[in-house]
Amino acid sequence: MLVCALALAAAFVVSFIPVSASVTSFQSNQSLRFELPSNGNLRVENLRGVVIAQVWSEPYVSIAAVTDTGEAIRSPAIIESSDRLLSVRVPRSAAKAPHVNLELRIPARTHAAVFTGNGSVEVRGLPSALLI
């Protein structure tokens, strides 16, 4: 299983070509909704805080940004989608910029790769594949 996860991670790195595409999304209660590609590949990179991912029974990904105190904020994430990958990235910013923590809800079929700059990663439930 570990070999499969590592192979998937290598595929993410090799196949990640930023491609902007039209994405159906809506914002509700400060969360964004995105459809996963059919292969379930999701890459999350947060260089400004932590990532909390929870597996749920819905078929789409929900993304919310919160401060360290739990206050919902507008997400500064750069979100790109193609037919092979949904990518969520919060880039570094000025030294005094506040932390941005990402709270995600992901379908069980997700093949996720999650990276942070110096924040923690918390996962509740197990997706199909996970690389941290």
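**Figure 1. Val61 and its surroundings in strand S5.** In this predicted model, Val61 sits in strand S5, which spans residues 60-66; strands here are DSSP runs of E with at least two residues, helices are runs of H or I with at least four, and both are numbered from the N terminus. With a relative accessibility of 0%, Val61 counts as buried (buried is under 20% relative accessible area, exposed is over 50%, and partly exposed is in between, using a 1.4 Å probe and protein chains only). Leave out the neighbours within four places in sequence, and Val61 is in contact with Leu32, Arg33, Phe34, Leu36, Leu86, Leu104, Arg105, Ile106 and Pro107, where contact means heavy atoms within 4.5 Å. One of these partners, Leu86, is 25 residues away along the chain, with 9.4 Å between its C-alpha atom and that of Val61.

**Figure 2. The largest nonpolar core, with Leu102 in view.** A nonpolar core here is a set of buried Ala, Val, Leu, Ile, Met, Phe, Trp, Tyr and Cys residues joined through side-chain atoms within 4.5 Å. The largest one has 21 residues, and Val44, Leu102 and Leu104 touch the most other members. At least two core residues come from each of strands S2 (31-35), S3 (41-46), S4 (51-56), S5, S8 (86-90), S9 (101-107) and S10 (111-116). Zoom in on Leu102 and, setting aside residues up to four places away in sequence, you find it touching Val44, Asn46, Val50, Val51, Ile52, Ile63, Ala64, Ala65, Val88 and Val90. As background, nonpolar side chains tend to be buried together in soluble globular proteins.

**Figure 3. Glu45 and Arg89, a salt bridge between strands.** The closest N and O atoms of Glu45 and Arg89 are 3.3 Å apart, and the two residues form a salt bridge (a side-chain nitrogen of Lys or Arg within 4 Å of a carboxyl oxygen of Asp or Glu). Glu45 belongs to strand S3 and Arg89 to strand S8, so this pair ties together parts 44 residues apart in sequence. Glu45 counts as buried at 15% relative accessibility, while Arg89, at 32%, is partly exposed.

**Figure 4. Two further salt bridges, and a network.** Arg33, also listed among the contacts of Val61, meets Glu35 side chain to side chain in a salt bridge, at 3.5 Å from N to O. Arg33 is partly exposed at 27% relative accessibility, and Glu35 is partly exposed too, at 37%. In the other pair, Glu122 bridges to Arg124, with the closest N and O atoms 2.8 Å apart. Glu122 has a relative accessible area of 35% and is partly exposed; Arg124 comes in at 40%, also partly exposed. Salt bridges with shared partners link Arg43, Glu45 and Arg89 into one network. The total count is 4 salt bridges.

**Figure 5. Stepping back to the whole chain.** The protein chain has 1 helix and 12 strands, with the helix coming before the strands from the N terminus on. Of its 132 residues, 39% are buried. Among contacts between residues at least 6 apart in sequence, 76% join residues at least 24 apart.

**Notes on the views.** Residues are numbered from 1 along each chain as its sequence is written, and side-chain values use heavy atoms, with hydrogens and water left out. Since the model is predicted, local features need pLDDT of at least 70 and side-chain atom pairs count only at pLDDT 80 or more, whereas totals for chains, interfaces and linings use all residues.
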